[in-house]
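Subject: Structure for you to look at

Hello,

Here is the structure we talked about. Please open it alongside this note; what I found follows below.

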Amino acid sequence: MGWNDWSPKLGLKCASINSCDSLQPDPTNPQTAEKNSVSIVELLKQSNSLLPHVVLASTLLAIIFPPSFTWFTSRYYAPALGFLMFAVGVNSSEKDFLEAFNRPAEIFTGYVGQFVLKPLLGYLFSIISVTVFGLPTAIGAGIALVSCVSGAQLSNYATFLTDPQMAPLSIVMTSLSTASAVFITPLLSLLLIGKRLPVDVKGMVFSITQIVVAPIVAGLLLNRFFPRICNAVRPFLPPLSVLVTALCVGAPLAINIESVKSPFGLAILFLVVAFHLSAFISGYILSGFIFHNSPDVKALQRTISYETGMQSSLLALALANRFFKDPVVAVPPAISTVIMSLMGFSLVLIWGKSKRG
């Protein structure tokens with residue numbers, strides 16, 4: 001059962017206005033106190049349903065008042081994403097991850113979506129940006145660069161919110177794409193952009209360990225050996241996760257707000273939205289075609305759609321700032337960080353409602 005599967009039962013029905021006073025709960029009654037505490041716990045668990053709205057609000061706040069997020073610099077990203085992975089680990093078990101490795105066809109399909117479909121779409125939209133919209137070549141390079149990087153850890157969290165049983169599979173997919181990105185990203189950047197980008201192999205390995213492996217293992221161990229502590233902290237993880245996700249979305253936008261507001265900003269926004277939308281749809285269709293006979297085909301489609309549509313745009317942003325002289329290259333990755341999060345968590349809301357409907 002995922003955090004979004006609980007529905008709080010709040011409020012009291014009064015028979016009439018005159019009789020309502022007699023139905024008011026007695027706060028000194030132990031049963032009433034227990035009901036109130038349960039309601040609070042249910043509210044905490046339900047906070048995940050607010051995530052798309054909070055992400056949208058953080059985006060607007062970052063645009064209107066950037067200083068509200070600029071303090072959340074890049075040094076906080078790794079601990080923040082690590083916390084989200086810890087939350088997934090607390091709600092998972094070792095068995096879930098072992099079963100994920102027993103699905104090589106699904107893992108390979110996610111990999112194809114990540115490093116074949118997505119780069120092809122990135123190349124297509126980079127060409128469109130230059131030939132159709134008349135944007136500088138640097139903009140096209142920035143769009144292509146976004147398509148060359150590995151999957152985003154936020155895709156694991158999005159999968160967890162929609163299909164908790166698929167979270168371990170999503171984490172395995174993202175981890176493998178991140179690990180191989182040390183070789184694949186430079187190769188793709190050479191093919192699509194014509195520029196070889198050296199990627200720090202040791203840094204990548206350390207990043208995977210710090211952001212993914214260690215937090216998940218800590219959550220699994222806590223769940224296994226300290227279940228009481230786990231049960232005590234679990235209700236507080238959803239609201240904290242919502243806050244952390246909002247910061248991870250708002251901060252890159254606030255920090256790069258001048259680039260986003262550049263003369264090409266609106267055209268880039270349209271192209272980035274089209275790119276991510278195409279990636280989400282392509283991943284969904286591809287997995288539906290391959291696994292149409294699978295009993296959990298819909299959950300697989302959602303999972304691989306997240307994997308294909310959500311990229312490590314922060315890595316693309318870092319590569320753009322470090323290896324390209326033209327600062328305009330960094331604009332598409334900066335916009336992508338926000339767009340892929342907004343679109344991903346909007347899908348969480350849409351698919352979550354369709355599952356409950």
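**The core**

Leaving out residues up to four places away in sequence, Phe 345 touches Leu 51, Pro 52, Val 55, Leu 154, Tyr 157, Ala 158, Leu 161, Thr 245 and Met 310. Please keep in mind that this is a predicted model.

Phe 345 belongs to the largest nonpolar core, which has 73 residues. Within that core, Tyr 157, Tyr 306, Met 310 and Phe 345 touch the most other members. Helix α17 supplies the largest share, 12 residues. There is also a second, separate core of 10 residues. Met 166, Leu 169, Leu 300 and Ile 304 are among its members.

**The chain as a whole**

The chain comes to 17 helices and 0 strands. It has 357 residues, and 52% of them are buried. Take the contacts with a separation of 6 or more: 83% of them join residues 24 or more positions apart.

**Helix α15 and Ser 305**

Helix α15 covers residues 297-309. Of its 13 residues, 12 are buried, so the rest of the structure largely encloses it. The buried set includes Leu 300, Ile 304, Ser 305 and Tyr 306. It also takes in Gln 301, Arg 302, Thr 303, Glu 307 and Thr 308.

The length of α15 checks out. At 1.5 Å a residue, its 13 residues should span 18 Å. The end C-alpha atoms are 18 Å apart, which agrees.

Ser 305 deserves a look. It sits in α15. Its relative accessibility is 1%, so it counts as buried; the cut-off for buried is under 20%. The side chain of Ser 305 reaches the backbone oxygen of Phe 280 at 2.8 Å. Beyond its neighbours within four places in sequence, Ser 305 is in contact with Phe 280, Gly 283, Tyr 284 and Trp 351.

**Aromatic pairs**

Two of those contacts of Ser 305, Tyr 284 and Trp 351, also come up among the rings. The structure holds 9 aromatic pairs. In one of them, the rings of Trp 71 and Phe 72 have centres 5.5 Å apart. Their planes stand at 85°, so this pair is edge-to-face; the cut-off for that class is over 60 degrees. Tyr 284 and Trp 351 form a stacked pair, at 5.7 Å centre to centre and 20° between the planes.

Which helices hold Tyr 284 and Trp 351? Tyr 284 lies in α14 (residues 265-290) and Trp 351 in α17 (residues 331-356). The pair therefore ties together parts that are 67 residues apart in sequence.

Are Tyr 284 and Trp 351 buried or partly exposed? Tyr 284 counts as partly exposed, at 23% relative accessibility. Trp 351 is buried, with a relative accessible area of 14%.

Back to the edge-to-face pair. Trp 71 is partly exposed at 47% relative accessibility, whereas Phe 72 is buried at 6%. Together with Tyr 76, Trp 71 and Phe 72 form one aromatic cluster.

One more ring to check: the charged end of Arg 224 sits over the ring of Phe 225, 5.7 Å from its centre.

**Helix α4**

Helix α4 runs over residues 77-90. It is mostly covered, with 11 of its 14 residues buried. Among them are Tyr 77, Leu 81, Leu 84, Met 85 and Val 88. Gly 82 and Gly 89 are on that list too.

Its length also fits. At 1.5 Å a residue, the 14 residues should span 20 Å. The end C-alpha atoms are 20 Å apart, which agrees.

**Two more positions**

Thr 185 is in helix α9 (residues 167-192). Its relative accessible area is 0%, so it is buried. Leaving aside neighbours within four places in sequence, Thr 185 is in contact with Cys 148, Val 149, Ser 150 and Leu 319.

Val 217 is in helix α10 (residues 201-225). It is partly exposed, with a relative accessible area of 38%. Val 217 and Glu 94 are 123 residues apart in sequence. In space, their C-alpha atoms are 8.9 Å apart.

Best wishes

Technical notes: Residues are numbered from 1 along each chain as its sequence is written. This is a predicted model: local features need pLDDT of at least 70, side-chain atom pairs count only at pLDDT 80 or more; totals for chains, interfaces and linings use all residues. Side-chain values use heavy atoms; hydrogens and water are left out. Rings of Phe, Tyr and Trp (its six-membered ring) pair if their centres lie within 6.5 Å; planes under 30 degrees apart count as stacked, over 60 as edge-to-face and the rest as tilted. Buried means under 20% relative accessible area, exposed over 50%, partly exposed in between (1.4 Å probe, protein chains only). Helices (H or I, at least four residues) and strands (E, at least two) are DSSP runs, numbered from the N terminus. A charge sits over a ring if NZ of Lys or CZ of Arg is within 6 Å of the ring centre and within 35 degrees of the ring normal. The expected span of a helix is 1.5 Å times one less than its number of residues. A polar contact is a pair of N or O atoms within 3.5 Å; within protein, one must be able to donate a hydrogen and the other to accept it, and residues adjacent in sequence count only if both atoms are side-chain atoms. Contact means heavy atoms within 4.5 Å. A nonpolar core is a set of buried Ala, Val, Leu, Ile, Met, Phe, Trp, Tyr and Cys residues joined through side-chain atoms within 4.5 Å.
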